[in-house]
Amino acid sequence: MTKIALQQDRKLDAIVLGRAGVDLYARESNTDMADISGFNKFVGGSAANIAVAVSKLGGKVGFIGCVADDAFGGYVKQYMSGQGINLDGMMTDNSGSRTSVAFTEMKPSDCTVLIYRNKASDLTIKPEQVDPEYIANAKVLVVTGTALSESPSREATLIAMEHARRSNTLVVLDVDYRPYSWRTDVDASIYYGIAAGLSDIVIGNREEFDMMETVLAPGNKDDDATAERFLRANTQVVVIKAGEFGSKVYCRDGHKFQQGIFRVEVQKPFGSGDSFAGGLIWTLVNGGELEDGVKHGSAAAAINVSGNSCTEAMPTKEQLFDFIETREQSL
Ligand SMILES: Nc1ncnc2c1ncn2[C@@H]1O[C@H](COP(=O)(O)OP(=O)(O)O)[C@@H](O)[C@H]1O
Ligand SMILES: O=C(O)C[C@@H](O)[C@H](O)C(=O)COP(=O)(O)O
């Protein structure tokens with residue numbers, strides 16, 4: 001079993017950095033975008049989803065990001081603070097940017113997700129708005145990688161990671177790669193490479209590692225070789241997620257293991273990665289083993305994909321343990 005060393009005497013368990021926005025989910029299931037009659041409104045965005053996941057499990061969570069100075073921005077902030085998330089690092093931009101909005105179908109697979117991110121507010125966050133003291137108050141800084149896609153958010157993200165390293169705050173990079181956010185895969189692989197080198201834990205799926213290997217190992221599909229390449233600089237753990245095939249975990253000391261999935265009736269495929277990260281991080285900040293963290297992440301993801309949203313379908317601690325117990329008893 002593997003323990004990740006963490007500073008325990010911190011006010012916040014985790015700070016998540018990245019986008020918080022509005023998710024509009026189709027009212028009808030198994031219906032094409034063109035035929036949907038309307039949408040139900042929730043808070044979403046990869047970083048907000050992870051923050052809510054850790055908070056619903058009982059963690060003390062902070063956030064670094066930016067929303068627009070408008071009604072959607074207000075809605076996102078109100079929801080997140082209602083979830084007990086500290087928003088001292090959440091900026092509000094009034095330069096005409098817009099809070100990120102996603103529209104989704106509700107289908108178990110081949111599910112369209114349209115994200116509106118022209119002049120996205122989250123990408124306007126500036127390095128001078130990132131407070132090193134805030135980061136020094138947290139056990140973990142979780143970075144969602146889309147924040148690296150554009151300046152000034154790119155510089156704000158890299159300086160946040162540097163501050164975290166200086167204050168012994170564990171750094172987790174959730175790759176969160178959205179191809180349309182980047183000029184080219186080469187650009188993306190350069191900045192993700194820098195960010196991965198600043199991270200203690202790197203979490204991504206195969207496509208995301210493919211992108212990160214664009215320059216150094218184009219065409220590689222071998223997870224073992226990928227892990228070896230990324231277990232360098234500060235990186236102690238690499239997690240390679242594979243949807244319904246579960247995940248593989250590699251540690252710097254050579255230990256590796258796999259985690260399967262908890263089979264459920266899937267309502268929608270999105271939200272799995274964010275709930276997985278939430279369950280894993282919550283376990284680690286509570287002093288749990290890496291193996292248990294990955295199991296909790298997998299269970300949280302299964303619960304989430306069987307639900308009808310991302311944030312609201314994140315489990316509480318009781319729901320998570322009941323789900324695991326019920327599943328394991330029926331094996
Ligand atoms: N259909 C599914 N049923 C149950 N668990 C799932 C399912 N899809 C994904 N998961 C869980 O969520 C984790 C992350 O999902 P994945 O799709 O790989 O992430 P991402 O959305 O970031 O690509 C997987 O490793 C698995 O544990
Ligand atoms: O990440 C977003 O901006 C929107 C999300 O809230 C969305 O619902 C989604 O697509 C989550 O997907 P995932 O991060 O790939 O699990």
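Me: In this predicted model, is Asp 176 buried or exposed?

Reply: A residue counts as buried when its relative accessible area is under 20%. Asp 176 has a relative accessible area of 5%, so Asp 176 is buried. Asp 176 is placed in the loop between strand 9 (170–174) and helix 5 (185–197).

Me: What is the sign of phi at Asp 176?

Reply: Most residues other than glycine have a negative phi. Asp 176 is not a glycine, yet its phi is positive, at about 45 degrees.

Me: Which value does phi take at Lys 119, and where is Lys 119 found?

Reply: Phi of Lys 119 is near 50 degrees, again a positive value in a residue other than glycine. Lys 119 belongs to the loop between strand 7 and helix 3 (132–136). As for accessibility, exposed means over 50%; Lys 119 has a relative accessible area of 57% and is therefore exposed.

Me: How should one read a residue such as Lys 77, with a relative accessibility of 26%?

Reply: Partly exposed residues fall between the limits of 20% and 50%. Because its relative accessibility is 26%, Lys 77 counts as partly exposed. Lys 77 is part of helix 2 (residues 71–82). Its C-alpha atom is separated by 7.6 Å from that of Leu 87, although the two residues are 10 apart along the chain.

Me: Is the peptide bond from Ser 151 to Pro 152 cis or trans?

Reply: Most peptide bonds are trans. The bond from Ser 151 to Pro 152 is cis, with omega near 5 degrees. Pro 152 lies in the loop between strand 8 (138–144) and helix 4 (153–166).

Me: Turning to the ligands, which residues come nearest to ligand 2?

Reply: A shell of residues may be read by its members, their classes and the elements that supply them. Ligand 2 has 16 residues around it, and Arg 19, Asp 23, Gly 45, Arg 178 and Gly 271 come nearest. By class, five residues of this shell are nonpolar, seven polar and four charged. Strand 2 (21–26), helix 1 (46–56), strand 7 (113–116) and helix 8 (272–285) each supply at least two residues. The largest share, three residues, comes from helix 8.

Me: Which polar atoms of Ser 46, Asn 49 and Gly 271 approach ligand 2, and where does this ligand sit?

Reply: It is useful to separate backbone from side-chain partners. On the backbone side, an N or O atom of Gly 271 is 2.7 Å from an oxygen atom of ligand 2, and a polar atom of Ser 46 is 3.1 Å from a ligand oxygen. Asn 49 contributes a polar side-chain atom, which lies 3.1 Å from an oxygen atom of ligand 2. The protein covers 87% of the 410 Å² of accessible area that ligand 2 has on its own. Ligand 2 sits in the largest pocket.

Me: What surrounds ligand 1?

Reply: The same reading applies. Ligand 1 is surrounded by 16 residues, the closest being Asn 205, Lys 241, Gly 243, Gly 246 and Ala 301. The classes in this shell are seven nonpolar, seven polar and two charged residues. An oxygen atom of ligand 1 lies 2.7 Å from a side-chain N or O atom of Lys 241. A polar backbone atom of Gly 243 is 2.7 Å from a ligand 1 oxygen, while a side-chain N or O atom of Ser 272 is 3.2 Å from an oxygen of this ligand. The protein covers 84% of the 550 Å² of accessible area that ligand 1 has on its own. Helix 8 and helix 9 (290–305) are the elements that give two or more residues to the shell around ligand 1.

Conventions. Residues numbered from 1 in each chain as written. Chains lettered and ligands numbered in written order. Predicted model: local features only at pLDDT ≥ 70, side-chain atom pairs only at ≥ 80, totals over all residues. Heavy atoms only, no water. Near = heavy atom within 4 Å. Polar contact = N/O pair within 3.5 Å; in protein donor to acceptor, adjacent residues only side chain to side chain. Areas by Shrake-Rupley, 256 points an atom, 1.4 Å probe, with all protein chains shown as cover. 1 Å grid on protein atoms, 1.4 Å probe; cavity = no way out; pocket = protein on both sides within 12 Å on 5 of 7 lines; lining within 4 Å. Sits in = over half its atoms within 2 Å of the grid points. Helix = DSSP H or I, 4+ residues; strand = E, 2+ residues; numbered from the N terminus. Nonpolar A, V, L, I, M, F, W, Y, C, P; charged D, E, K, R; others polar. Buried < 20%, exposed > 50% of the residue type's maximum accessible area, 1.4 Å probe, protein only.
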